Amino acid sequence: MKTHFIAIGGSAMHNLAIALKDKGYQVTGSDDAIFEPSKSRLEKKGILPQEMGWFPEKITPDIDAVILGMHAHQDNPELAKAKELGLKIYSYPEFLYEQSKNKTRVVIAGSHGKTTITSMILHVLNFHQKDVDFMVGAQLEGFDCMVKLTRDNDFMVLEGDEYLSSPIDLRSKFLLYQPNIALMSGIAWDHINVFKTFDDYIEQFRKFVASITPGGVLVYNEEDPEVVKVVEHAENYFRKIPYKTPEYEISNGKVYLKTGMGDVPLSVFGAHNLLNMEGARHICQQLGIMDEDFYEAIMSFKGASKRLEKVEREDKGTLYKDFAHAPSKVKAAVKAFIEQFKNEKKYGFLELHTYSSLNPAFLEQYDHAMDGLDEAVVFYSEDALKIKRMEPISPEFIKEKFKNENLKVFTNAEDLHTYWNTLDKTNGVYLMMSSGNFGGLDLTK
């Protein structure tokens with residue numbers, strides 16, 4: 001099968017391209033910019049475009065599938081050529097469904113926790129050498145590629161994202177998967193640039209539940225009232241399995257899960273991670289993994305990349321980075337950090353740089369998000385606001401919306417870095433929350 005990727009360099013797209021190459025497909029692609037690690041990984045597989053840009057001449061009648069990434073625009077010249085030739089054009093999730101439509105599809109959805117839960121499931125399955133196809137959004141220890149597609153595996157585990165499928169397909173990605181087994185971890189308004197109201201956002205999850213195949217299974221977080229409402233109002237037929245935070249204790253800085261088989265020591269911390277783990281356990285049950293086998297495997301799970309991930313520093317200081325930027329994720333990460341390090345001085349840094357997080361109407365969702373930290377810092381770039389053509393935001397406005405008068409607010413990277421360099425990183429513990437890089441801050445030094 002001959003496939004061509006428009007915008008092959010994306011974090012998701014390049015993984016799919018590599019998976020198809022490994023499956024024996026003929027793979028080509030284009031992009032206007034490709035960064036690391038995508039560049040090296042594509043080059044290693046021999047599918048890195050020779051030059052950057054869009055080349056309509058690459059689009060030929062013998063191509064079986066054109067896969068369109070979100071990074072491309074509607075007026076992309078390669079897309080126009082594909083339409084002109086009448087080629088089959090897939091979004092990323094649409095193509096994944098085509099590859100898995102004869103398999104049992106397991107889809108993990110939710111505003112928060114879905115990457116971690118998917119990662120936990122794959123870790124357990126890999127530990128017990130149970131082979132499945134998969135797609136997950138974070139780099140996992142023990143996995144070379146974050147997409148795996150085979151002809152023979154019976155199951156495919158998919159991280160289900162509610163964001164748009166492609167520039168020409170404005171459906172939420174997870175609506176294309178039609179799960180046989182699904183999980184919903186939580187609902188908290190996100191992607192405000194696309195879903196203008198909370199109800200519009202929730203509607204995507206209503207549609208997701210409605211897309212579960214007849215007689216399927218939904219594992220859901222019964223502690224989230226919005227999730228419970230969506231499940232209770234669902235009209236289609238499926239089996240419902242609720243889950244909640246399991247019992248645990250922290251002893252000498254180590255988290256122990258309380259189970260009927262005894263205390264299970266864990267390598268991760270935070271009530272939200274324990275809640276995620278319980279959801280993963282129920283999904284693994286559906287895949288034939290017994291509880292004792294689940295606990296044996298989960299002890300060695302160290303977390304998904306950038307999810308409360310410990311950073312090895314030259315000075316041996318204690319620092320964790322987290323992908324958290326949406327309000328619910330920030331609150332969960334801060335709560336976990338405070339609980340884990342009760343007797344330490346706790347520093348928390350948050351970078352606001354997404355459209356949602358910099359939207360004045362959305363900022364009130366961050367109320368009290370940084371409470372309980374000994375030092376709380378918020379950074380956003382005034383230059384980034386100009387680039388995004390957004391209105392200026394004052395530090396006072398940030399403090400007001402966070403409901404935290406003691407908040408330190410920095411609006412340019414140089415001032416933030418100067419403050420950072422004054423801190424003794426061996427004194428206290430540090431939590432760095434961002435999907436960016438704090439203006440180029442090196443967290444290892």
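**Exercise 1. Is C284 buried or exposed, going by its relative accessible area?**

Before solving, keep in mind that this is a predicted model.

Step 1. Take the number for C284: its relative accessible area is 0%.
Step 2. Buried means under 20%, so C284 is buried.
Step 3. Try another cysteine, C145. At 12% relative accessibility, C145 also falls under the 20% cut-off, so it counts as buried.
Step 4. Now look for sulfur bridges. The structure has zero disulfides.

**Exercise 2. Work out how the chain is divided, and where the UniProt feature sits.**

Step 1. Start with the domain assignment: domain 1 covers 2-87, domain 2 covers 95-299 and domain 3 covers 309-440.
Step 2. Get a feel for the layout. Between the C-alpha centres of domain 1 and domain 3 there are 36 Å.
Step 3. Bring in the record. An unreviewed UniProt entry lists "domain: Mur ligase central" at residues 108-278.
Step 4. Check the make-up of that stretch. Residues 108-278 are 25% helix and 29% strand, with the end C-alpha atoms 13 Å apart.

**Exercise 3. Test the length of helix α6, then find which way its buried side chains point.**

Step 1. Helix α6 takes in residues 198-210, 13 residues in total.
Step 2. With 1.5 Å a residue, the expected span is 18 Å; the end C-alpha atoms are 19 Å apart, so the two agree.
Step 3. List the buried residues of α6: Y201, I202, Q204, F205, F208 and V209.
Step 4. Look down the axis. These buried residues fall within an arc of 140°, so they line one face of α6.
Step 5. See what they pack against. The partners are β5 (104-109), β10 (169-172), β11 (181-184), β12 (216-221), α7 (225-232) and β13 (238-243).

**Exercise 4. Do the face analysis for helix α9, and tie M277 into the picture.**

Step 1. In α9 (residues 291-298), the buried residues are F294, Y295, A297 and I298.
Step 2. Down the axis of α9 they fall within an arc of 165°, so again one face of the helix is lined by them.
Step 3. The cover over these residues includes α5 (114-127), β15 (254-259), β16 (262-265) and α8 (271-286).
Step 4. Zoom in on M277, which sits in α8. Its relative accessible area is 2%, so M277 is buried.
Step 5. Beyond its neighbours within four places in sequence, M277 contacts M120, L257, L266, V268, F294 and I298. Two names on that list, F294 and I298, are buried residues of α9.

**Exercise 5. Describe the surroundings of K244.**

Step 1. K244 lies in the loop between β13 and β14 (248-251).
Step 2. Its relative accessible area is 48%, so K244 is partly exposed.
Step 3. Setting aside residues up to four places away in sequence, K244 touches E222, E223, L275 and E278.

**Exercise 6. Pick out the unusual backbone angles.**

Step 1. Recall the baseline: most residues other than glycine have a negative phi, and most peptide bonds are trans.
Step 2. Check omega. The E36 to P37 peptide bond is cis, with omega near 5°; P37 is in the loop between β2 (26-30) and α2 (38-44).
Step 3. Check phi. Q129 has a positive phi near 55°, and F438 has one of about 55°.
Step 4. Contrast their settings. Q129 is in the loop between α5 and β6 (133-135) and is exposed at 74%, whereas F438 is in the segment after β22 (429-433) and is buried at 4%.

Terms used: Residues numbered from 1 in each chain as written. Predicted model: local features only at pLDDT ≥ 70, side-chain atom pairs only at ≥ 80, totals over all residues. Heavy atoms only, no water. Disulfide = S-S within 2.5 Å. Buried < 20%, exposed > 50% of the residue type's maximum accessible area, 1.4 Å probe, protein only. Domains from an automatic or database assignment. UniProt positions renumbered as here; feature names shortened; annotations may be inferred. Helix = DSSP H or I, 4+ residues; strand = E, 2+ residues; numbered from the N terminus. Arc of directions from axis to C-beta. Contact = heavy atoms within 4.5 Å. Expected span 1.5 Å × (residues − 1).
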